[in-house]
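Morning, everyone. Let me put the model up, and then we'll walk through a few spots.

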Amino acid sequence: MNVIGIDVGGSTTKIVCVSNGKMLSPMQVKATDPLTSVYGAFGKYLSEEGLTLEDIDRIKVTGVGSTYIRDGLYGIPTDKVNEFTSIGLGGLKMSGLDHAIIVSMGTGTAFVEAGNGINRHMGGTGVGGGTLLGLGSKLLDVRNYDSIVEMSLKGDLDNVDLYVGDLSKTEDGYMPSKVTAANFGKVTDFSTKEDIAAGLVNMVFQTVGMMSVFAAQTVGLKDIVLIGNLSKVPNIRELFRQVEDLHGVRFHVPEFAEYATALGAALSDR
């Protein structure tokens, strides 16, 4: 049985096929609107995977853009799946965990507790990829997500962020000197655009990391799974390591984590 899972964003659509329980190679397509993105992704995916319409038994769509899909696609039975259900199912499947906090990092960020019969949206934050793009546009005059991330890898946080060690010459046994006391608290006229980019990326990920910790502590969990487009940042593990060490949690970044929501839709029993 072949089930297509589609995660429809505002302009980016992610698509996977689950064939007899196994996920085939995933794909994403960008377009100017959700409908164009969906149809473009579907057609391109079938072509590249060597599939025909007759090979597909069911389509399951999720994401904010799925509301634009009112009828079945190409006459194939099509179901709409709750996005938070998809996030939970996909995050657990990709991580191999039984119970965890799944953090979907897209334009904004959503937190879902999943496992042991639970799939619960715990809340979210508007801090995410949209924050990077918006502030990057104003502060760096750069409007491309990949360019901002590339710039950040060349920057130095020491020229931007204020650390605990800048405020106190002794460590109290809990707060290491390199813990951030204030994002952008040390920025000067001499901070480069690359330094600012590093500060932006660090601020977004620290915010997401700490909110993940609070969500995990609320339900007594240690495992946190990171999915969504921001999971592709090259130094993501380094960015989360300090939060992990300070609070005793474990961050997991599965392979193909940006496609977890699409996978979760395909796996749902909706």
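Start with Tyr74, which sits in the loop between S5 and S6. Keep in mind that this is a predicted model. Is Tyr74 buried, exposed or partly exposed? Partly exposed, because its relative accessible area is 44%, and the cut-offs are under 20% for buried and over 50% for exposed. Now the backbone. Tyr74 is not a glycine, yet its phi is positive, about 55°.

Stay in that loop. Tyr68 is there too, between strand S5 (58-62) and strand S6 (78-80). Tyr68 has 45% relative accessibility, so it also counts as partly exposed.

Which residues join these two tyrosines in a nonpolar patch on the surface? Leu35, Tyr39 and Leu53. With Tyr68 and Tyr74 included, the patch has about 460 Å² of accessible area.

There is another positive phi to look at. Phe256, again not a glycine, has a phi of about 60°. Find Phe256 in the loop between strand S13 (250-252) and helix H8 (260-267). Phe256 is partly exposed, at 37% relative accessibility.

Next, helix H4, residues 145-152. Which of its residues are buried? Tyr145, Ile148, Val149, Met151 and Ser152. They cover an arc of only 160° around the axis, so they lie on the same side of H4. What do they pack against? Two helices: H3 (129-140) and H6 (193-219).

Look at the N-terminal end of H4 as well. Asn144 caps it. A side-chain oxygen of Asn144 is 3.0 Å from the backbone nitrogen of Asp146.

Last stop, helix H6, one of the packing partners of H4. Gln206 is in H6. Buried or exposed? Gln206 is buried, because its relative accessible area is 14% and buried means under 20%.

So what does the Gln206 side chain pair with? One polar contact, of 2.9 Å, goes to the side chain of Thr180. Another, of 3.1 Å, goes to the side chain of Asn183. Set aside neighbours within four places in sequence, and Gln206 is in contact with Thr180, Asn183 and Gln242.

To recap. On the surface, there is a nonpolar patch that includes Tyr68 and Tyr74. In H4, the buried residues are on the same side. In H6, Gln206 is buried and has polar side-chain contacts with Thr180 and Asn183. Over to you for discussion.

How values were computed. Residues are numbered from 1 along each chain as its sequence is written. This is a predicted model: local features need pLDDT of at least 70, side-chain atom pairs count only at pLDDT 80 or more; totals for chains, interfaces and linings use all residues. Side-chain values use heavy atoms; hydrogens and water are left out. Buried means under 20% relative accessible area, exposed over 50%, partly exposed in between (1.4 Å probe, protein chains only). Helices (H or I, at least four residues) and strands (E, at least two) are DSSP runs, numbered from the N terminus. The arc is that of the directions from the helix axis to the C-beta atoms. Contact means heavy atoms within 4.5 Å. A polar contact is a pair of N or O atoms within 3.5 Å; within protein, one must be able to donate a hydrogen and the other to accept it, and residues adjacent in sequence count only if both atoms are side-chain atoms. Patches are made of residues with over 30% relative accessible area and no salt bridge: like charges are joined within 9 Å, nonpolar side chains (Val, Leu, Ile, Met, Phe, Trp, Tyr) within 5 Å. Accessible areas come from the Shrake-Rupley method with a 1.4 Å probe; for residues, only the protein chains shown count as cover. A salt bridge is a side-chain nitrogen of Lys or Arg within 4 Å of a carboxyl oxygen of Asp or Glu.
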